[in-house]
Amino acid sequence: SCPDAAFAESLHTHNNILLRTILSGDFLAVEDVWEEFWQHVPPATLAIMEQPAGIAYIAGCDQFVYDFITESLLPDVFRSISQTLTKQIRNFAKQLESWLQGALTTCPEPIVACKLTAVTNFVQKLKRYTGLNHLAQAARAVLANPQHVAQMATDYSRVDFSNIQDQILWICTGCEPANVAKMEARFRGMLGTSTLEQWAVWLQSVVRDGLTEVTRPAAQEFLLRWSFSSSLVIRDLTLRSAPSFGMFHLMRLLCDEYVYYLVERTLAEGRCPQ
């Protein structure tokens with residue numbers, strides 16, 4: 001709860017204005033919205049809100065607001081959005097930190113640090129999600145071309161997966177050979193007529209099966225294993241000068257970004273994707 005009821009009410013109103021401004025596409029007005037609120041908070045209120053309870057309340061509000069904005073601007077990272085909107089969102093993200101710093105010049109350091117941490121995380125998320133969306137549209141074009149898909153399947157059939165599996169099992173302690181073989185077989189099966197949406201479903205199942213605990217250490221270990229395994233496949237294709245290397249590289253980038261996205265959401269929600 002907020003240690004200052006009056007501030008809580010005014011912050012709620014301010015956040016509603018901020019949401020309406022952003023979701024209406026009036027990104028440039030955000031700087032004024034922030035300045036209008038934070039530069040007029042009374043010093044006595046700031047002194048209360050810079051205490052641990054106040055900082056926790058502000059952080060919670062920021063988390064809710066930024067998550068809501070992200071979900072509203074990019075509800076489906078695989079759904080095509082216009083290049084104009086993508087450019088607007090990325091330009092908006094570039095300016096957020098400097099705008100907020102300017103608006104917080106009269107605030108105590110604990111509040112400034114709290115809000116800058118939140119907005120930095122928000123900016124990084126917007127950049128990653130718009131980047132993932134761009135990769136998804138490029139991958140959709142590749143998967144829609146039967147010749148490209150056929151070439152990828154042919155090149156992958158030449159990959160020495162037994163050698164790759166040995167390296168995975170040597171590096172990744174605790175990995176079961178049967179589970180590694182199962183994932184490889186499922187990946188091989190995706191190199192057919194799978195759509196982008198089917199790839200998404202498969203990757204969701206990979207995270208669901210591979211992330212045994214919804215904890216940060218487990219997530220870090222899972223991401224390291226995933227990255228190491230996919231890098232070995234790309235290495236083999238590189239050494240063989242596979243004609244479809246560029247397409248595999250694109251799919252690897254997409255899969256890496258989407259897996260990271262899924263793990264991030266899993267940690268935030270406290271449960272694996274269904």
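In this predicted model, the lining of the second largest pocket comprises nine nonpolar, five polar and six charged residues. Its volume is about 580 Å³. In total, 20 residues line the second largest pocket. Those nearest its centre are N179, D209, G210, F222 and R225. Three helices each give two or more residues to this lining: α9 (177-190), α10 (196-210) and α11. The largest share comes from α11, with six residues.

The largest pocket was examined in the same terms. About 820 Å³ of space lies within it. Its lining is made up of 27 residues, and Q63, K125, R128, E264 and A268 are the closest to the pocket centre. Four helices each supply at least two lining residues. They are α4 (52-73), α6 (109-143), α11 (216-239) and α12 (245-269). Here α6 provides the largest share, nine residues. By class, the lining of the largest pocket holds twelve nonpolar, six polar and nine charged residues.

One helix links the two descriptions. Helix α11 supplies at least two residues to the lining of the largest pocket, and α11 also gives the largest share of the lining of the second largest pocket. Helix α6, in turn, leads in the lining of the largest pocket. Helices α9 and α10 are named among the contributors to the second largest pocket, while α4 and α12 are listed for the largest pocket.

Conventions. Residues numbered from 1 in each chain as written. Predicted model: local features only at pLDDT ≥ 70, side-chain atom pairs only at ≥ 80, totals over all residues. Heavy atoms only, no water. 1 Å grid on protein atoms, 1.4 Å probe; cavity = no way out; pocket = protein on both sides within 12 Å on 5 of 7 lines; lining within 4 Å. Points joined across faces, edges and corners; volume = space filled by probe spheres on them. Nonpolar A, V, L, I, M, F, W, Y, C, P; charged D, E, K, R; others polar.
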